[in-house]
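Thanks for coming. I will go through one structure today, starting with its charged pairs and ending with the loops.

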Amino acid sequence: MLLRLLHRTMVFVLSVLLASVVVFGFMRVLPGDPARVALGINASDAAVGQLRAQFGLDRPMLVQYVDWVRGLVTLDPGIEFISKAQIGPQIADRLQVTLLLVLTSMVLAMIIAVPAGLWMAVRHKRADGVAMSAVSQLGIAVPAFLAGIILISVFAVRLRWVPSGGWVVPGQDPLGFLQRLALPAISLALVQAAVLARYIRSAVLDVLREDYLRTARAKGLRPLPALWRHGLRNAAVPVVTVLGLQLATLLIGAVVIERVFVIPGLGSLLLDSVAKRELLTVQAVVMVLVVAVLLINWVVDTLYLVIDPRLRTGAR
């Protein structure tokens, strides 16, 4: 097990290094000069050259890359070209907001998807199971931002139960925080719950057809107790895979939802930085998102070893 865990960790580290090269190279081939953008089109060549030297843009690419990676490792990715603000504290503040939104959405999605998926699998031949399956198919087709707009029009504009957007720090106003978190979290959770419920249904149906579960039923166990005692662990491996993918999707999808609900998260920082051509900030935010996705994949691979003993022993 330790060797397998070490192998997955090495793959994670190499993936992060490769991703850093790709992100750095992509940002460097984009057209336009950040120094020229920062100073304006009427700035003299001497002033532009001085600013490029100040930010190290006149140095060899390899030196710039090494300095950038060193800054990421030390949590000091530098300062912005135009505002001269520190990038690290901005990312740290915005990341907290995004994580609160994503984790809340994931918990809500699990609360909805797990019982719904189990119910659709156990009662897949009944009318209620078929109806829930049709609803989940419809949920998959609805984008998160469209769900957010619908929720705003109903609960914020017509019913006036909650605000339509904005953000409040939890420690300052807990009730206001929950009111502003509700709609964006539900918008993300509903779509992801529909996808996750379909996979749970499929995984549980596969388990229900196994011989060992038929044996448990033959010994007198009802469907749900038999599934709970003998089938859920086997069904968990494909579900964990999808859960990791869904969590990564939530993280990326939060970029759009934060803009819809005017939430000052990592996605809003990314879009604002793109609009202002703050390439150092864009580069750092993209790298944070990439590392987060790779870290989720590493955690999923590690959970495989915990859930399935065959992966720890090498058995098939």
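**Salt bridges first**

Arg59, Asp67 and Arg70 are linked in a network of salt bridges. Before going further, note that this is a predicted model, so please take everything I say as computed from it. A search of the whole structure finds four salt bridges.

Within that network, arginine 70 pairs with aspartate 67, and their closest N and O atoms are 2.7 Å apart. The two are three residues apart in helix H4, so about one helical turn separates them. As a reminder, an α-helix has 3.6 residues a turn, so residues three or four places apart point the same way. Arginine 70 is partly exposed at 47% relative accessibility, and aspartate 67 is also partly exposed, at 26%.

Elsewhere, aspartate 128 forms a salt bridge with arginine 123, again with 2.7 Å between the closest N and O atoms. Aspartate 128 has a relative accessibility of 27%, which makes it partly exposed. Arginine 123 is partly exposed as well, with 24%.

Then there is aspartate 272 with arginine 259, where the closest N and O atoms are 2.9 Å apart. Aspartate 272 sits in helix H11 and arginine 259 in helix H10, so this salt bridge ties together parts that are 13 residues apart in sequence. Aspartate 272 counts as partly exposed at 30% relative accessibility, and arginine 259 is partly exposed at 41%.

**The overall fold**

Now the whole chain. The protein has 13 helices and zero strands. Of its 316 residues, 39% are buried. Take the contacts with a separation of 6 or more: 71% of them are between residues 24 or more positions apart. The exposed area is about 17300 Å², and carbon and sulfur atoms supply 69% of that.

**Cores**

Which residues have the most contacts inside the largest nonpolar core? They are Ile91, Leu101, Leu183, Leu188, Leu196 and Val285, in a core of 56 residues. Several helices each supply at least two residues of this core, including H3 (45–54), H5 (87–122), H8 (174–208) and H12 (279–307). The largest share, 14 residues, comes from H8.

Isoleucine 91 is one residue to look at in detail. Leaving aside neighbours within four places in sequence, isoleucine 91 is in contact with Leu266, Leu269, Ala284, Val285 and Val288. Apart from the core just described lies another, of nine residues, with Val16, Tyr65, Met287 and Leu294 among them.

Two of the contacts of isoleucine 91 are Leu266 and Leu269. In H11 the buried residues include Leu266 and Leu269, along with Gly267, Ser268, Leu270 and Ser273.

H8 also holds a polar side chain, glutamine 192. Is glutamine 192 buried or exposed? Its relative accessible area is 8%, and the cut-off for buried is under 20%, so glutamine 192 is buried. Not counting residues up to four places away in sequence, glutamine 192 touches Ala109, Gln246, Thr249 and Leu250.

**Aromatic pairs**

The count of aromatic pairs comes to six. One of them is phenylalanine 24 with tyrosine 65: the ring centres are 5.5 Å apart and the planes are at 70 degrees, so the pair is edge-to-face. Phenylalanine 24 lies in helix H1 (residues 2–29) and tyrosine 65 in helix H4 (residues 61–73), so the pair ties together parts that are 41 residues apart in sequence. Both phenylalanine 24 and tyrosine 65 are buried. With Trp68, Phe24 and Tyr65 form one aromatic cluster.

**Surface and loops**

On the surface, Val107, Ile111, Ile112, Ile186 and Leu190 make a nonpolar patch of about 420 Å². Helices H5 and H8 each supply at least two of its residues, and H5 gives the largest share, three residues. Isoleucine 186, which lies in H8, is partly exposed at 33% relative accessibility.

Last, the backbone. Most residues other than glycine have a negative phi. Leucine 75 is not a glycine, yet its phi is positive, about 60 degrees. Leucine 75 is in the loop between H4 and H5, and it is exposed, with a relative accessible area of 72%. Valine 262, also not a glycine, has a positive phi of about 55 degrees. Valine 262 is in the loop between H10 and H11 and is exposed at 60%. Arginine 277, which follows H11, has a positive phi near 60 degrees.

That is the tour; I will take questions.

Definitions and conventions: Residues numbered from 1 in each chain as written. Predicted model: local features only at pLDDT ≥ 70, side-chain atom pairs only at ≥ 80, totals over all residues. Heavy atoms only, no water. Helix = DSSP H or I, 4+ residues; strand = E, 2+ residues; numbered from the N terminus. Buried < 20%, exposed > 50% of the residue type's maximum accessible area, 1.4 Å probe, protein only. Contact = heavy atoms within 4.5 Å. Areas by Shrake-Rupley, 256 points an atom, 1.4 Å probe, with all protein chains shown as cover. Phe/Tyr/Trp six-rings, centres within 6.5 Å; stacked < 30°, edge-to-face > 60°. Core = buried A, V, L, I, M, F, W, Y, C linked by side-chain atoms within 4.5 Å. Patch = residues over 30% accessible without salt bridge, like charges linked within 9 Å, V, L, I, M, F, W, Y side chains within 5 Å. Salt bridge = Lys/Arg side-chain N within 4 Å of Asp/Glu carboxyl O.
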